[in-house]
Amino acid sequence: HTHAAVHEEIDGIHIINPGSLSYPRDGNPGSYALITTGPDSFDCRIIYLKDKKPKNSGGLLRSLLNYSDRL
């Protein structure tokens, strides 16, 4: 639980940390991971917010996505 976004593939195993939307620790804007899979495919992208602080700082989706950040 580092709040730093990373996606690495090591020996065919994907290591993914989506980062944090509200408390990133790596100097980048907030981020999340978008994972797409298929029968013979796997794609992971780390998506960074363009603004350091989202315009809407509240809302149900944000509170659900960041629940673990407050523990």
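**Entry 1. Strands 3 and 4**

I looked up the pairing of strand 3 with strand 4 (residues 41-48) and found 8 bridges between these antiparallel strands. Two strands are taken as paired if DSSP finds at least two bridges between them. Strands themselves are DSSP runs of E with at least two residues, helices are runs of H or I with at least four residues, and both are numbered from the N terminus. I noted that the model is a predicted one, in which local features need pLDDT of at least 70 and side-chain atom pairs count only at pLDDT 80 or more, while totals for chains, interfaces and linings use all residues. Residues are numbered from 1 along each chain as its sequence is written, and side-chain values use heavy atoms, with hydrogens and water left out.

The connection from strand 3 to strand 4 is a hairpin of 2 residues. I recorded one bridge pair of these strands: G38 is partnered by S41 in strand 4.

**Entry 2. I35 in strand 3**

I then turned to I35, which is located in strand 3. I entered I35 as partly exposed because its relative accessibility is 44%. The classes are these: buried is under 20% relative accessible area, exposed is over 50%, and partly exposed is in between, with a 1.4 Å probe and protein chains only.

Apart from neighbours within four places in sequence, I35 has contacts with I16, F42, D43 and C44; a contact means heavy atoms within 4.5 Å. I also looked up the distance from I35 to R45: the two are 10 residues apart in sequence, and their C-alpha atoms are 6.5 Å apart.

**Entry 3. The salt bridge of R45**

How many salt bridges does the structure hold? I found 1. The term requires a side-chain nitrogen of Lys or Arg within 4 Å of a carboxyl oxygen of Asp or Glu. R45 forms a salt bridge with D43, and their closest N and O atoms are 3.4 Å apart. I classed R45 as partly exposed because its relative accessible area is 42%. D43 is also partly exposed, at 34% relative accessibility.

**Entry 4. S31 in strand 3**

Is S31 buried or exposed? I found a relative accessible area of 5%, so S31 is buried. This residue belongs to strand 3 (residues 31-38). The side chain of S31 comes to 2.8 Å from the backbone oxygen of P18. Setting aside neighbours within four places in sequence, I listed the contacts of S31, among them A5, P18, L21, I46 and Y48.

**Entry 5. Strands 1 and 2**

I next examined strand 1 and strand 2, which run antiparallel and are joined by 5 bridges. I10 is placed in strand 1 (residues 6-10), and I13 of strand 2 stands opposite I10. I10 is partly exposed because its relative accessible area is 44%.

I10 is also part of a nonpolar surface patch with I13 and I15, which together have about 280 Å² of accessible area. Patch members have over 30% relative accessible area and no salt bridge; like charges are joined within 9 Å, and nonpolar side chains (Val, Leu, Ile, Met, Phe, Trp, Tyr) within 5 Å. Accessible areas come from the Shrake-Rupley method with a 1.4 Å probe, and for residues only the protein chains shown count as cover.

**Entry 6. Positive phi values**

D11 lies in the loop between strand 1 and strand 2 (13-17). The hairpin of these strands has 2 residues between them, and D11 takes a positive phi near 55° there. D11 is not a glycine. I classed D11 as exposed because its relative accessible area is 77%.

Where is H3 placed? I located H3 in the segment before strand 1. Its phi is near 65°, a positive value in a residue other than glycine. H3 is buried because its relative accessible area is 10%.

**Entry 7. The whole protein**

Finally, I looked up the overall values. The protein has 1 helix and 4 strands, and their pattern along the sequence is β-β-β-β-α. Of the 71 residues, 18% are buried. Among contacts with a separation of 6 or more, 29% are between residues 24 or more positions apart. The accessible surface amounts to about 5500 Å², and carbon and sulfur atoms account for 55% of this surface.

Methods: A polar contact is a pair of N or O atoms within 3.5 Å; within protein, one must be able to donate a hydrogen and the other to accept it, and residues adjacent in sequence count only if both atoms are side-chain atoms.
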